[in-house]
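Reader: Hello! I am new to this structure and would love a close look at a single part of it. Could you take the sheet and tell me what packs around it?

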Amino acid sequence: MSLPRFSNVSYEQYWALREQSDEWLEYIDGAVYMAPSPSIKHQLVSSNLHTEFGLYFRGKPCNVFAAPTDIELASDKFPDRKVVIPDLSVICDSKGFTETKYVGVPTLIVEILSPSNQAHDLVTKFNLYMAYDVKEYWIVNPMKEAITVYTLNEEGLYEQADVKAGTGVVQSACFPGLQVALEDMFR
């Protein structure tokens with residue numbers, strides 16, 4: 001998803017494109033981005049994380065959603081609309097659910113890097129999620145078997161809260177007790 005498929009597209013045109021396509025399409029700053037087909041390793045890591053997160057959040061007020069769940073980021077700070085499809089989202093405020101998407105800001109978002117989308121997740125989405133006050137952002141790199149956790153600081157900027165590569169346990173900053181062992185995620 002490194003380059004936009006279409007640019008200078010209105011929100012209404014984006015939804016018209018979505019209705020005509022079976023592909024996962026995101027809408028950021030008037031550009032439409034197409035998600036690449038995930039690799040087997042990407043899918044394995046996503047499944048492993050979803051399982052761990054699901055067990056942690058069972059019986060709690062937050063829910064975990066896997067792609068393709070449309071997230072329409074909404075904030076009083078920004079009048080324009082953006083639609084993303086994170087690999088995993090943790091949503092604790094259920095007021096924003098519609099029949100087809102979530103409108104609001106997830107508490108935690110996970111993006112799993114693919115060789116073709118690294119810049120999109122590391123730059124575009126990093127800055128987007130920070131601007132919209134996503135409290136915690138995990139970047140998972142299957143190629144390096146690494147997970148980096150970012151959290152918003154008091155100035156509204158992301159700080160690296162945890163990083164592990166190869167081995168070790170990564171911990172959430174927002175959810176005490178939510179942790180994952182890298183050896184279990186990349187097997």
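Author: Happy to help; here is a walk through the sheet, the helices beside it and the cores. Please keep in mind that this is a predicted model.

Let us begin with the strands. The sheet is an open one made of six strands, and reading across it gives the order β3-β6-β8-β9-β10-β11, with mixed pairing. At its edges stand β3 (63–66) and β11 (158–165); each has a single partner strand, so one side of each is left without a neighbour in the sheet. From one strand to the next, the twist averages 15°.

Now pick out one pair inside the sheet. β6 and β8 run in the antiparallel sense and are joined over three bridges. If you would like a spot to find in the picture, try Val90, whose bridge partner in β8 is Leu108.

Next come the helices. α2 packs on the sheet, where it touches β3, β6, β8 and β9, and its direction makes about 160° with that of β8. α3 lies across β8, β9, β10 and β11, and it runs at about 170° to β9.

α3 deserves a moment of its own. This helix covers residues 118–131, and its 14 residues reach 19 Å from the first C-alpha to the last, close to the 20 Å expected at 1.5 Å a residue. Even so, α3 bends by about 35° at Lys125. Lys125 is also one of the buried residues of α3, a group that includes His120, Asp121, Phe126 and Leu128. Just after the helix, Asp133 takes a positive phi of about 65°.

Finally, look at the side chains. In soluble globular proteins, nonpolar side chains tend to be buried together. Here the largest nonpolar core has 23 residues, and those with the most contacts inside it are Leu49, Phe53, Phe57, Val110, Trp138 and Ile147. At least two residues of this core come from each of α2 (40–57), β6 (88–91), β8 (108–112), β9 (136–141), β10 (146–152) and α4 (182–185). α2 gives the most, with five residues.

Phe53 is a good residue to zoom in on. Leaving aside residues up to four places away in sequence, Phe53 touches Val64, Val90, Leu108, Val110, Trp138, Leu178 and Val180. Val90 and Leu108 in that list are the bridge partners you met earlier. There is also a second, separate core of 20 residues, and among them are Ile28, Tyr33, Ile109 and Tyr158.

Notes:
Residues are numbered from 1 along each chain as its sequence is written. This is a predicted model: local features need pLDDT of at least 70, side-chain atom pairs count only at pLDDT 80 or more; totals for chains, interfaces and linings use all residues. Side-chain values use heavy atoms; hydrogens and water are left out. A nonpolar core is a set of buried Ala, Val, Leu, Ile, Met, Phe, Trp, Tyr and Cys residues joined through side-chain atoms within 4.5 Å. Buried means under 20% relative accessible area, exposed over 50%, partly exposed in between (1.4 Å probe, protein chains only). Helices (H or I, at least four residues) and strands (E, at least two) are DSSP runs, numbered from the N terminus. Contact means heavy atoms within 4.5 Å. The expected span of a helix is 1.5 Å times one less than its number of residues. The bend at a residue is the angle between axes fitted to the seven residues ending there and the seven starting there. Two strands pair if DSSP finds at least two bridges between them. Axes are lines fitted to C-alpha atoms, for helices over the stretch in contact, and angles run from 0 to 180 degrees between N-to-C directions.
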